[in-house]
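Hi there,

Here is the structure I promised to pass on to you. Have a look at it first, and then read my notes below.

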Amino acid sequence: MTFPPETLLFIAAMLAAGALAGFLAGLFGIGGGFVVVPALASVLTMLSGSDAAATDQIMHVAIGTSLATIIFTSLRSVQAHAKRGAVDFEILKSWAPWIVVGVVLGLIVAQYMNGHALKVTFGVGVFIMAWHFLFPFLSKRGPLSNEMPTGAVRGGLGSFLGGFCTLLGIGGGTPAILIMTLNGQPMHRAVATAAGFGTLIAVPATIGSIIAGLGQPGLPFGSIGYVNLIATGAIISMSFITAPIGVHVAHSMDSTKLRKALGLYLLLTSSLMLYSAYHNAIQPKNPLRAEAAGAVESTGDVKHPAGKKAHGY
């Protein structure tokens with residue numbers, strides 16, 4: 001069985017993305033979404049060429065696939081932390097319903113967003129996280145409370161966390177840790193429990209991404225809905241190998257320098273995503289097709305519906 005060059009390039013790129021995602025996850029203690037989403041978006045954009053339908057689906061597939069990989073990485077992390085008794089399952093149980101509500105809302109909102117809007121959302125969200133790591137003023141002020149939020153505050157924060165992470169394709173470890181440490185939870189317990197938040201977000205979000213993408217045009221080869229199985233398998237397999245390497249490197253670095261390095265990485269990632277969004281927005285779509293369509297239309301032989309003409313069909 002032979003694969004076309006485009007498929008082999010895609011697999012190789014996803015193996016590389018998985019290796020980088022695993023390394024950074026071990027190095028910085030973050031989920032792979034900050035690596036997987038931009039890597040998938042870049043590779044799929046390159047492979048899609050001038051296919052307008054495929055171009056518009058790229059960010060949906062990148063986010064859905066990222067969430068699918070987080071299921072496995074977060075479960076592995078929860079299992080490891082649970083063996084040490086560090087995971088607070090009571091927090092996860094009480095927050096789970098609200099997180100799922102947020103995920104559902106995020107999936108609904110995503111259906112009304114095109115690829116450009118999702119790129120901007122990802123870029124802005126990651127930009128905010130970058131400034132948190134570069135200038136961690138919230139972390140330095142100490143706990144605001146000695147107990148986790150309850151009632152309407154818990155519902156609001158949980159729903160926001162679920163929706164925000166679903167739109168970005170991330171597991172929510174960083175904002176979850178921030179919420180827990182600001183409410184009196186020890187850092188080790190917060191890190192361990194935050195991995196469980198990733199599972200709570202990723203499972204319903206992945207299922208929703210598959211359902212939402214069924215039957216959509218322009219999906220990459222190997223996709224079920226908005227989840228690409230080839231990319232998911234490649235990323236997971238490589239991240240399991242490289243994560244321990246990142247952990248080893250992290251223990252040899254100063255924690256302050258580590259935070260600054262993560263902040264700079266996220267700042268670069270957000271800048272590239274925002275540049276891509278606005279650069280593509282001002283580029284003419286399929287100019288040769290548009291010119292040909294205009295020539296045919298000028299003869300009066302064919303009249304194109306306005307909606308299709310706008311999309312370059």
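Is the crossing of H8 and H9 left-handed or right-handed? The crossing is right-handed, a word used when the near helix is turned clockwise from the far one by less than a right angle, while anticlockwise would be left-handed.

Before going further, please note that this is a predicted model, where local features need pLDDT of at least 70, side-chain atom pairs count only at pLDDT 80 or more, and totals for chains, interfaces and linings use all residues. Residues are numbered from 1 along each chain as its sequence is written, and side-chain values use heavy atoms, leaving out hydrogens and water.

Helices here are DSSP runs (H or I, at least four residues), numbered from the N terminus. H8 covers residues 173-182 and H9 residues 187-213; their axes (lines fitted to C-alpha atoms over the stretch in contact, with angles from 0 to 180 degrees between N-to-C directions) come within 8 Å and cross at roughly 135°. The two helices are therefore oblique to each other, that is, not under 35 degrees (roughly parallel), over 145 (roughly antiparallel) or 65 to 115 (roughly perpendicular).

In H8, Gly-173, Ala-176, Ile-177, Met-180 and Thr-181 meet residues of H9 that include Met-187, Ala-190 and Phe-197; contact means heavy atoms within 4.5 Å.

In the loop between H8 and H9 you will find Gln-185. Gln-185 counts as buried because its relative accessibility is 16% (buried is under 20% relative accessible area, exposed over 50%, partly exposed in between, with a 1.4 Å probe and protein chains only). Leaving aside neighbours within four places in sequence, Gln-185 touches Asp-88, Ile-91, Met-148 and Met-180.

Finally, Gly-215 follows H9 and has a positive phi, near 80°.

Best wishes
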